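Q: I should like a close look at one part of this model, with the criteria behind each term stated.

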Amino acid sequence: MSTVSMADVEAARELLRDVVRPTPLEDSRWLAGRVGGRVHLKCENLQRAGSFKIRGAYVRIARLSEQERARGVVAASAGNHAQGVALAASMLHTKATVFMPEGAAIVKEKATRAYGADVRFAGTSIDDALLEARAFAAETGAVLIHPFDHPDIVAGQATVGMEILEQCPDVRTIVVGTGGGGLTAGISLAVHHLKPGVRVVGVQAEGAAAYPTSLAAGQPVALERMATMADGIAVGCPGDVPFAMIQQYVDSVVTVSEESLSRALVLLLERAKLVVEPAGGAAVAALLDDPGAFEPPVVAVLSGGNIDPLLLLRVIRHGMAAAGRYLSLRVRVPDAPGGLARLLAELAAVDANVLDVVHERTGATLSIDEVEIALQLETRGPDHCERVLAKLRESGYAVSISGGGLANL
């Protein structure tokens, strides 16, 4: 298995000097208040092509021979690596073919095509698409540009770690979303050689977390299935190259729920005015879940911002529900003129915004003179939900919470 040295990383930095943007490191006061010390956001969502992936893709393709570039390159990706490969290939004047899983984000597909790549769909996961990409490479002679399992890819991603150490010399903890492991491995490699006292923590989605099991087994172990909105880190099996470095240099790998991912995305929109995809907010989700686990100063890497607007709408609603910003309930009122108006007046008195109202007049438990009203309300959070419920009960209404919780879509 090939390894990656700091000389490789430094050479990658030179290759990328006029290609990538040194992305900003933004202070986050709202996260600092939770963590108890400085927190910074490394904004790779503002990188060219919308993620860190251009770094590794460009280094890999730039190091091909002229004969190899003449045969073209092929990649498999849910979107971010696809865009990085397509952009790098266009800059280096080689043809790119990209296999994407069915259901890949439309915005990522269109952007990949716009950079000049030939996009084809295969299977339902990155692993399925990778099988097709390998077959295409064997058939045509195109060079496979793996999304994470190659030394050049890791060397390119490691330049993110170099930038972090230059922008925040006193950083104590770096938190980074982890899929196949190329970015996490690269950052941990750079940190180990340049500032070994810094702790590096990888973050995976609970529904696509191959690293905890693999690290426990001492070797890459494939997942039987995956389910997460964070397609950018939905990888079924770690790569050999990044796994070896993560095993050696990364302090821990934690997991976050779908609710945590969506809550992080919403808070980044509201508080930091930054658009990220679910995978790009994984590091912030981990900080929100367990803020005391990360010694400040902390740098959280926002790895990508390529999100379909329709998915963004769904994730925002999911995140608001997870944060207690929606309240779904059922209220019984007399089936008489003015009954609904009085109920709505009670809700207005406690500043609850009504999103949806449904009357139900038939039911085995309803009296003949009763109607049950199903309501979905927008609130300011869990405390406000409790005030709304208390107000309705004080006014004599029989109230039940839909789904058995305070915040249910």
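In E10, which residue is the bridge partner of Leu 41?

A: The bridge partner of Leu 41 in E10 is Ala 300. The model is predicted, so local features require pLDDT of at least 70 and side-chain atom pairs count only at pLDDT 80 or more, whereas totals for chains, interfaces and linings use all residues. Residues are numbered from 1 along each chain as its sequence is written, and side-chain values use heavy atoms, with hydrogens and water left out.

Leu 41 lies on the E2 side of this pairing: strand E2 (residues 39-43) runs parallel to E10, and 5 bridges join them. Strands and helices here are DSSP runs, numbered from the N terminus, with at least two residues for a strand (E) and at least four for a helix (H or I); two strands pair if DSSP finds at least two bridges between them. Ala 300 also stands opposite Val 175, as strand E7 (residues 173-177) pairs with E10 in the parallel sense over 4 bridges.

Strand E10 covers residues 298-302, and 5 of its 5 residues are buried, where buried means under 20% relative accessible area, exposed over 50% and partly exposed in between, with a 1.4 Å probe and protein chains only. On one side lie Val 298, Ala 300 and Leu 302, on the other Val 299 and Val 301, and both faces are covered.

Burial also describes a residue of strand E4 (residues 96-100), namely Thr 97. The relative accessible area of Thr 97 is 2%, and Thr 97 is therefore buried. Neighbours within four places in sequence aside, the contacts of Thr 97 (heavy atoms within 4.5 Å) are Val 73, Val 74, Ala 75, Asp 118, Arg 120 and Phe 136.

A helix pair may be added. Helix H12 (residues 258-272) packs with helix H13 (residues 282-289) at an angle of about 105 degrees, and their axes are 8 Å apart. Axes are lines fitted to C-alpha atoms, for helices over the stretch in contact, and angles run from 0 to 180 degrees between N-to-C directions. H12 and H13 are therefore roughly perpendicular to each other; that class spans 65 to 115 degrees, while under 35 counts as roughly parallel, over 145 as roughly antiparallel and the rest as oblique. From H12, the residues that meet H13 include Leu 261, Ala 264 and Leu 268, and those of H13 that meet H12 include Val 284, Ala 285 and Leu 288.
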